[in-house]
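This report goes through one protein model and the ligand bound to it, for a reader who wants to follow the text with the coordinates open. Please keep the sequence and the structure in view while reading.

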Amino acid sequence: MESIALQGQPLVMAILNLTPDSFSDGGALYRGNKIDLNTVLHRAQGLIDDGADLLDIGGESTRPGAEKVVLSAELDRVLPVLEALRSRFDIPLSVDTSSPELMSEAVSRGASMLNDVRALSRAGALEAVAASGLPVCLMHSLGEPQVMQDDPRYGDVVAEVIGFLRQRIVACEKAGISRSRLLLDPGFGFGKTLEQNITLFRALPTLVAEGLPVMVGVSRKSMIGEIINKPVDQRVFGSAALAILAAQAGAAILRVHDVAATVDSLKILEAIQQ
Ligand code: 7PJ
């Protein structure tokens with residue numbers, strides 16, 4: 001995977017959110033209604049200084065109930081930032097998108113990896129990723145963000161999530177995307193109740209046993225808020241704790257907001273575990 005090494009301790013992927021309405025850091029990189037590139041570069045430098053291994057750049061808010069973003073807005077948010085980051089930093093850059101148009105544009109602007117919460121289900125996405133040659137993370141979601149938290153139901157959440165991801169692996173291989181380019185993500189919070197999230201989390205070793213690198217994104221999510229009963233700006237410790245549990249369960253990449261807290265916690269884990 002290019003310069004992305006997936007061995008030993010998990011990599012820390014820092015979230016760089018370019019949406020004006022993200023649930024945890026909405027609008028932080030905006031001046032008025034425009035993204036401020038200097039603020040973005042400053043923030044990225046901070047994440048790198050804190051020890052991030054890669055950055056994940058997204059221009060679509062997929063929080064529960066989020067408005068749909070039009071493609072042109074997503075391209076306008078992500079592409080200038082991708083170019084600016086690429087010219088300034090060496091760190092691998094992941095692009096969080098479901099849009100085949102953005103996937104293709106991102107490749108030519110130096111993206112190192114793609115990350116799709118819809119697991120390449122949009123028309124043209126499989127082809128765009130096949131042509132890109134890049135690694136891609138396939139994430140499970142139950143339905144679109146607008147409605148996914150309305151009343152998520154599963155017979156067996158673990159079997160259904162793994163079954164879905166297996167189908168997407170097959171679809172990828174048919175489209176010419178080899179297994180060696182794939183990562184899997186159970187999609188915590190994407191159409192899951194707290195109980196379903198916990199059941200899935202306990203089953204992380206089962207997902208890891210599928211043989212592909214597993215990405216885990218639980219940072220500041222409502223499953224943490226519900227457990228510790230705290231608002232989104234007070235979930236750093238809960239997020240670090242859950243990140244460490246994911247690392248112990250074999251996660252390859254931790255997708256986080258709070259890089260310093262995660263990196264310190266991983267160092268403790270590394271010192272203690274055998
Ligand atoms: C995830 C993601 C996740 C992957 C988001 C948020 C919502 N991509 N994009 N996994 N979550 N692969 O950051 O809370 O869990 S957006």
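## A residue in strand S3

Is Ile 35 buried or exposed? The model discussed here is a predicted one, and in it Ile 35 has a relative accessible area of 18%, which is under the 20% limit, so Ile 35 counts as buried. Ile 35 has its place in strand S3, which covers residues 34-35.

Leaving aside neighbours within four places in sequence, Ile 35 is in contact with Leu 18, Leu 29, Tyr 30, Val 40, Arg 77 and Val 81. Cys 137, by comparison, is separated from Ile 35 by 102 residues in sequence and by 26 Å in space, taken from C-alpha to C-alpha.

## The parallel sheet

An open sheet is formed by 8 strands, which follow one another in the order S8-S7-S6-S5-S4-S1-S10-S9 with parallel pairing. Its edges are strand S8 (182-185) and strand S9 (215-216), each of which pairs on one side only. At the S8 end, strand S7 (residues 136-139) pairs with S8 in the parallel sense over 4 bridges, and Leu 138 stands opposite Leu 184 of S8. Although S8 is an edge strand, both of its faces are covered, with Leu 182 and Leu 184 buried on one side and Leu 183 and Asp 185 buried on the other.

Elsewhere in the sheet, strand S4 (residues 54-58) and S5 pair in the parallel sense over 4 bridges, and Asp 56 has Ser 94 of S5 as its bridge partner. From strand S5 (residues 93-96), Leu 93 and Val 95 point one way while Ser 94 and Asp 96 point the other way, and all of them are buried.

## Nonpolar cores

In soluble globular proteins, nonpolar side chains tend to be buried together. The largest nonpolar core of this model has 76 residues, and those with the most contacts inside it are Leu 55, Leu 85, Leu 120, Leu 138, Val 216 and Leu 254. The largest share of this core, 8 residues, is supplied by helix H5 (residues 157-174). Apart from it lies another core, of 9 residues, among them Leu 11, Met 13, Leu 54 and Met 113.

Val 216 can serve as an example from the 76-residue core. Not counting residues up to four places away in sequence, Val 216 touches Asp 185, Phe 188, Phe 201, Leu 204, Ala 246, Ala 251, Ile 253, Leu 254 and Arg 255.

## Surroundings of the ligand

Around the ligand there are 13 residues, of which Phe 23, Asn 115, Asp 185, Lys 221 and Arg 255 come nearest. Two side chains place an N or O atom by an oxygen atom of the ligand, that of Lys 221 at 2.6 Å and that of Arg 255 at 2.8 Å. From the backbone, an N or O atom of Gly 217 lies 3.3 Å from an oxygen atom of the ligand. The protein covers 94% of the 390 Å² of accessible area that the ligand has on its own.

## A buried histidine

His 257 is found in the loop between strand S10 (253-256) and helix H10 (259-272). Its relative accessible area is 5%, and His 257 is therefore buried. The side chain of His 257 makes a polar contact of 2.7 Å with the side chain of Ser 219. With residues up to four places away in sequence not counted, His 257 touches Ile 15, Ser 24, Asp 25, Arg 43, Leu 47, Ser 219 and Arg 220.

## Two residues with positive phi

Most residues other than glycine have a negative phi. Leu 120, which is not a glycine, nevertheless has a positive phi of about 60°, and Asn 229, also not a glycine, has a positive phi of about 55°.

What relative accessibility does Leu 120 have, and is Leu 120 buried or exposed? Leu 120 lies in the loop between strand S6 (113-116) and helix H4 (125-132), and at 1% relative accessibility Leu 120 counts as buried. Asn 229 has its place in the loop between helix H8 (222-228) and helix H9 (236-248). At 69% relative accessibility, which is over the 50% limit, Asn 229 counts as exposed.

Definitions and conventions:
Residues numbered from 1 in each chain as written. Predicted model: local features only at pLDDT ≥ 70, side-chain atom pairs only at ≥ 80, totals over all residues. Heavy atoms only, no water. Helix = DSSP H or I, 4+ residues; strand = E, 2+ residues; numbered from the N terminus. Buried < 20%, exposed > 50% of the residue type's maximum accessible area, 1.4 Å probe, protein only. Polar contact = N/O pair within 3.5 Å; in protein donor to acceptor, adjacent residues only side chain to side chain. Contact = heavy atoms within 4.5 Å. Core = buried A, V, L, I, M, F, W, Y, C linked by side-chain atoms within 4.5 Å. Pairing = 2+ DSSP bridges. Near = heavy atom within 4 Å. Areas by Shrake-Rupley, 256 points an atom, 1.4 Å probe, with all protein chains shown as cover.
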